[in-house]
Amino acid sequence: MRTIVFALLAVAVACSPGLKIIGGYDCPPNSQPWQVYLTFNGEPWCGGSLINERWVVSAAHCKIPASNLTVHLGEHNVNVEEGTEQRIGAEKVIPHPDYNDQPFNNDFMLIKLKEPAIFNECVKPIPLATRCSCAGEQFLVSGWGHGNPSVLQCLKLPVLSKQQCVRAYGSRITENMFCAGFMKGGKDSCQGDSGGPIVCNGELRGVVSWGKGCAEQGYPGVYVEVCRYTAWTKHVTDNN
């Protein structure tokens, strides 16, 4: 459910079917065991990442009441019952207090599960980043988006320089964001992928946030810089 600038790729991400990672490939089954699938009253909504047995990271623009939110873990093909799934309701939904949807700054949210996830080869947490992203690093973004295919999609993306990011989006880019993708377009995360993980070396380095359109030339995807939220995450999870 990535937010699309001017076309809202995230806040309404789950509202538009058929938008998902573009130019990717089927992830090997359960190769991203931290990836979660969020549904809003049973309908596809956003992605997220399991960070411990009770907490999930997603994007603040994905906020809905906890009573309407279900967290799906251990999924691969969301249209098939594969025996690896865990479905747990949300107890709390806590967006970052400084989230601002103009321009989607601090687009970071924590979700507390009603009961602990059971860890196994298909459901495992991922640690938060210990350092921030650098231009040229290769990251892996994953998500189901909406519509076919129903199998989790993966896509390898390079981190772009801050200069390239600002050239594309101007003053909308803050210190809490980074761009990843291809300036020529053709490959990108998209609406429906919002809140999902972008990973490097087994760490959660980014959260799918926003962008102008999907895979458009000159407009890469914009991601939350997870390293800037580790202290806030610890505070919230220790006190809730």
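How many positive and how many negative side chains does the protein have, and how far apart do the centres of the two sets lie? I looked this up first, keeping in mind that the model is predicted. I found 20 positive and 21 negative side chains in the protein, with the centres of the two sets 6 Å apart.

**Entry: overall form**

I next looked up the secondary structure and noted two helices and 14 strands in the protein. For the extent of the chain I took the C-alpha trace, which spans about 45 × 40 × 30 Å along the principal axes of the protein. I then asked what radius of gyration a compact globule of 240 residues would have, and the rule puts it near 18 Å; the protein has 16 Å, which agrees.

**Entry: inside and surface**

I looked up burial and saw that 58% of the 240 residues count as buried. For the surface I wrote down an exposed area of about 9600 Å², of which carbon and sulfur atoms supply 50%. Turning to contacts with a separation of 6 or more, I noted that 72% of them are between residues 24 or more positions apart.

**Entry: aromatic pairs**

I went on to ring pairs, counting rings of Phe, Tyr and Trp as a pair if their centres lie within 6.5 Å. By this rule I have nine aromatic pairs in my notes. In one of them, F108 and W232 have ring centres 6.0 Å apart and planes at 75°, and because an angle over 60 degrees counts as edge-to-face, I entered the pair under that name. This pair links distant parts of the chain, since F108 sits in the loop between β7 (86-95) and β8 (109-113) while W232 belongs to helix α2 (residues 230-239), 124 residues apart. I checked burial for F108 and W232 as well, and both are buried.

Which kind of aromatic pair do F178 and Y223 form? I recorded them as stacked, with 5.7 Å from centre to centre and 25° between the planes. Here too distant parts of the chain are linked, with F178 in strand β11 (residues 177-180) and Y223 in strand β14 (residues 221-225), 45 residues apart. Buried means under 20% relative accessible area, so F178, at 5%, is buried. Y223 also counts as buried, because its relative accessibility is 1%.

My last look was at a cluster, in which ring pairs link F104, Y169, W210 and Y219.

Notes
Residues are numbered from 1 along each chain as its sequence is written. This is a predicted model: local features need pLDDT of at least 70, side-chain atom pairs count only at pLDDT 80 or more; totals for chains, interfaces and linings use all residues. Side-chain values use heavy atoms; hydrogens and water are left out. Helices (H or I, at least four residues) and strands (E, at least two) are DSSP runs, numbered from the N terminus. The radius of gyration is taken over C-alpha atoms; the globule rule is 2.2 Å times the number of residues to the power 0.38. Buried means under 20% relative accessible area, exposed over 50%, partly exposed in between (1.4 Å probe, protein chains only). Contact means heavy atoms within 4.5 Å. Accessible areas come from the Shrake-Rupley method with a 1.4 Å probe; for residues, only the protein chains shown count as cover. Lys and Arg count as positive and Asp and Glu as negative; His and the chain ends are not counted. The place of a charge is taken as NZ of Lys, CZ of Arg, CG of Asp or CD of Glu. Rings of Phe, Tyr and Trp (its six-membered ring) pair if their centres lie within 6.5 Å; planes under 30 degrees apart count as stacked, over 60 as edge-to-face and the rest as tilted.
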